[in-house]
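The following exercises ask the reader to examine a protein chain step by step. Each task is followed by a worked solution.

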Amino acid sequence: MLVLGQKPKQKIFYSYSWNFPTVLTSQSKLGILIDETLVPITVMSEGVSNGIDGQYAEMFTKIEIASNTFMEQLDIRSFEIVPIEQAEIRLNIIPKPGLFKIYAEEFNSGTPTSPIKAFSGNIQYSYGVEIKIENAENEIVFEKKITKKSNLLKIERYNKALIPSANQALSLAKQAFLSSPTNYVQSGNGEFKTMLYDDVIEEIHQALDVRYEREKFYLYSFNKKKGFELEGIAASIEELEVINDWKESEDYEQKLREILLPKIEFWTQESAKYNPQDKKGKKVYWGLMANISGAYYALGEFQKALDIYEKLSVVSYRNDYLYLKEFPEDKSINKKNYIAKDQNFYKNYKKIDFRGNHNPDFIAYVDRNENGEKIEKQQKTTEELEIINKKIKVISQIITLDYYFKLLAGSIQKFTDENKEGVGFVEKDAFYVELINRVFEETEKLKVTDISFYDMDEKILVTETIEALVERAEPLQRELAIEDAAADLSTKNTFELLDMLIVSVSKNIDTETQLVAILEKNIPLLTKKIFRLYPDGVARLCYMEMLVDELTTGGKLTYADNTKLYKHVFKEFKRTYTSLSSYKQSLTRYLHHSDEYKLDKFLKVYASMYFEDVENINTKFKNSHDEKRVLDILNLFIK
């Protein structure tokens with residue numbers, strides 16, 4: 001017995017399939033340029049531009065696209081992202097002017113039979129970007145404007161009562177905007193990220209990328225009724241639900257064919273039982289043929305899907321379900337064009353996959369002057385970067401040695417305070433003897449440091465600074481020769497050595513004061529010549545890494561051998577990290593937003609230590625010191 005007249009019920013399925021781009025090129029090196037030019041924001045109220053009762057002040061906005069987040073979302077398969085100057089094809093993202101529309105709108109607050117006319121005051125913000133893709137000959141091969149609208153405010157009541165007139169509703173909306181226009185700009189622009197990671201990314205993928213993506217296709221079922229033949233159709237659909245759980249794999253396409261082809265054969269046999277011209281039978285026929293078309297679409301056999309649609313076109317049922325034609329037709333055209341463009345490239349498209357290997361640093365940013373001419377952010381040459389890195393390394397050495405002297409001076413001060421119980425060096429002498437040895441080691445390095453790459457004024461400053469540091473160390477070397485003597489002395493004599501050291505340092509107080517004054521003047525001047533970051537910030541970053549060295553490097557301070565002192569140094573590490581975290585906003589104001597993620601990445605290393613228990617630091621973070629890390633951080637702040 002046939003059950004006729006049932007409406008086919010649409011069910012959503014997901015499968016992986018190849019999507020082919022609309023921009024045809026065999027090139028594989030892509031450059032990305034993001035335009036951060038300030039664009040004007042216009043305010044329209046009752047058709048009047050740039051004026052709200054004469055109180056409107058002109059405003060501007062810009063797009064800010066974080067390079068790492070954008071790259072993660074884009075993760076393009078078919079292209080290698082390269083620096084813009086190496087690109088064979090260029091992707092440009094350009095901001096469009098913003099528009100506030102302030103208007104009144106009538107609405108019915110009652111029922112259809114008893115309408116109550118009222119008005120709302122509204123603020124709507126429109127914004128968008130333009131995507132342009134250029135080839136190596138500077139020809140535009142793709143262009144698309146994307147605009148979004150955000151409804152930021154809707155006032156329907158005033159003093160708990162409906163608003164009776166359009167003028168009052170408009171006036172309330174104007175007052176709301178004028179009370180804080182900047183906040184409305186921020187609210188509108190805040191929604192740009194959502195637009196970016198959806199529409200913009202999707203447009204770029206469709207235009208440029210060959211992608212193997214999970215997407216929807218539709219099948220149709222009927223209610224199961226025991227003993228009736230429609231039960232077999234419903235069962236065939238249920239058996240396919242396992243497809244939705246399948247993940248992308250090497251044998252995915254084969255598995256999909258093995259499960260769908262028998263169903264196509266079954267639905268074809270079933271369709272012969274129903275008359276497509278019969279008033280009731282055509283619904284079942286339509287559902288079965290739509291299933292066959294959908295299955296062929298999922299298998300990537302687009303022409304077969306279109307052939308089935310042609311058979312459905314003569315059935316006077318659901319003729320508005322144009323997706324059955326449009327989906328496979330679009331993909332078929334794109335695939336044919338792609339294959340025709342470059343046969344060799346087409347043959348390899350399944351093997352080309354640059355995903356997961358893109359460097360966000362390759363995204364270029366550009367601004368424009370008043371005449372609309374591009375002002376690209378300055379990119380330093382390899383030679384320039386090498387010189388800068390050398391300068392940063394010397395500054396880092398200077399700051400680190402200066403901190404060692406400060407730590408040593410603080411220790412001597414504690415030792416000479418005889419009125420405080422337990423302040424002496426009984427538990428600390430071995431560490432501070434070693435600390436002095438490190439001062440000597442760092443001093444010797446600075447003595448032979450190459451400073452030929454500095455500018456003349458910088459060279460004078462660096463030379464004077466290094467000489468001051470060397471002179472601070474000379475009394476220790478001259479009077480105590482501690483590097484040679486410490487290894488031969490007993491523990492008791494080591495303590496005596498420290499006593500002698502303190503007396504020696506005390507005799508050189510005047511000279512020390514003069515040298516400290518030179519360092520306090522020169523180090524900030526030196527850092528200001530190289531970095532945009534304030535000198536104290538540079539010093540704290542260097543100090544942080546120095547403390548990591550003390551806490552984690554093998555052969556230095558250990559928790560087991562000197563718990564009290566280790567806790568003291570770890571406390572200093574935590575204090576320094578806390579101060580840096582407090583200054584985070586100040587730090588980032590010196591950075592382009594595309595570099596903020598790098599700073600976060602570097603600081604996370606310190607954060608993981610900060611939140612660890614002190615007794616675990618030695619083992620869990622053994623040898624975590626990395627001189628390159630602090631150099632990389634400081635590189636973010638170079639002028």
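A charge is said to sit over a ring if NZ of Lys or CZ of Arg is within 6 Å of the ring centre and within 35 degrees of the ring normal. The model examined here is predicted.

**Exercise 1. Charges over rings**

Task: State which rings have K101 and K255 over their faces.

Solution.
Step 1. K101 lies over the face of Y103, with a distance of 4.8 Å from the ring centre.
Step 2. For K255, the ring is that of W246, and the distance from the ring centre is 4.4 Å.

**Exercise 2. The chain as a whole**

Task: Describe the secondary structure, burial, contacts and surface of the chain.

Solution.
Step 1. The chain has 22 helices and 14 strands.
Step 2. Of its 639 residues, 48% are buried.
Step 3. Among contacts with a separation of 6 or more, 77% join residues 24 or more positions apart.
Step 4. The accessible surface is about 32900 Å², and carbon and sulfur atoms hold 48% of this area.

**Exercise 3. Two aromatic pairs**

Task: Classify the ring pairs Y297 with F327 and Y403 with Y543, and decide whether each residue is buried or partly exposed.

Solution.
Step 1. A pair of aromatic rings is described by the distance of the centres and the angle of the planes.
Step 2. The structure holds 25 aromatic pairs. In the pair of Y297 and F327, the centres are 6.0 Å apart and the planes stand at 35°, so the pair is tilted.
Step 3. This pair links distant parts of the chain, since Y297 belongs to helix α7 (residues 281–298) and F327 to helix α9 (residues 323–341), 30 residues apart.
Step 4. Buried means under 20% relative accessible area. Y297 has 10% relative accessibility and therefore counts as buried. F327 has a relative accessible area of 35%, so F327 is partly exposed.
Step 5. The rings of Y403 and Y543 have centres 3.9 Å apart and planes at 5°; the pair is therefore stacked.
Step 6. This second pair also links distant parts of the chain: Y403 lies in helix α11 (residues 382–416) and Y543 in helix α17 (residues 535–552), 140 residues apart.
Step 7. Y403 is buried because its relative accessibility is 14%, and Y543 is buried because its relative accessibility is 6%.
Step 8. Y297 and F327 also belong to one aromatic cluster, together with Y218, Y220, W286, F302, Y317, Y321 and Y323.

**Exercise 4. The nonpolar cores**

Task: Determine how many residues the largest nonpolar core has and which element gives the largest share.

Solution.
Step 1. The largest nonpolar core has 74 residues. Those with the most contacts inside this core are F531, L533, F573 and F637.
Step 2. Elements that give two or more residues to the core include α11, α12 (429–447), α13 (456–480) and α16 (509–530). The list also includes α17, α18 (563–582), α20 (596–610) and α22 (627–635).
Step 3. The largest share comes from α11, with 12 residues.
Step 4. Leaving aside residues up to four places away in sequence, F573 touches M544, L547, V548, L551, Y606, M609 and Y610.
Step 5. A second, separate core has 47 residues, among them L219, W286, M289 and Y296.

**Exercise 5. The surroundings of H358**

Task: Locate H358, decide whether H358 is buried or exposed, and list its polar contacts.

Solution.
Step 1. H358 is placed in the loop between α10 (343–348) and β13 (364–368).
Step 2. Its relative accessibility is 14%, so H358 counts as buried.
Step 3. The side chain of H358 reaches the backbone oxygen of I76 at 2.7 Å. A polar atom of the same side chain lies 3.4 Å from the backbone oxygen of F354.
Step 4. Apart from residues up to four places away in sequence, H358 touches M71, D75, I76, F79, E80 and I81.

**Exercise 6. Positive phi values**

Task: Give the phi, place and exposure of D75 and K160.

Solution.
Step 1. D75 is not a glycine, yet its phi is positive, at about 35°. D75 lies in the loop between α1 (67–74) and β6 (80–81).
Step 2. The relative accessible area of D75 is 22%, so D75 is partly exposed.
Step 3. K160, a residue other than glycine, has a positive phi near 70°. K160 is found in the loop between β10 (157–158) and β11 (161–162).
Step 4. K160 counts as exposed because its relative accessibility is 77%.

Technical notes:
Residues numbered from 1 in each chain as written. Predicted model: local features only at pLDDT ≥ 70, side-chain atom pairs only at ≥ 80, totals over all residues. Heavy atoms only, no water. Helix = DSSP H or I, 4+ residues; strand = E, 2+ residues; numbered from the N terminus. Buried < 20%, exposed > 50% of the residue type's maximum accessible area, 1.4 Å probe, protein only. Contact = heavy atoms within 4.5 Å. Areas by Shrake-Rupley, 256 points an atom, 1.4 Å probe, with all protein chains shown as cover. Phe/Tyr/Trp six-rings, centres within 6.5 Å; stacked < 30°, edge-to-face > 60°. Core = buried A, V, L, I, M, F, W, Y, C linked by side-chain atoms within 4.5 Å. Polar contact = N/O pair within 3.5 Å; in protein donor to acceptor, adjacent residues only side chain to side chain.
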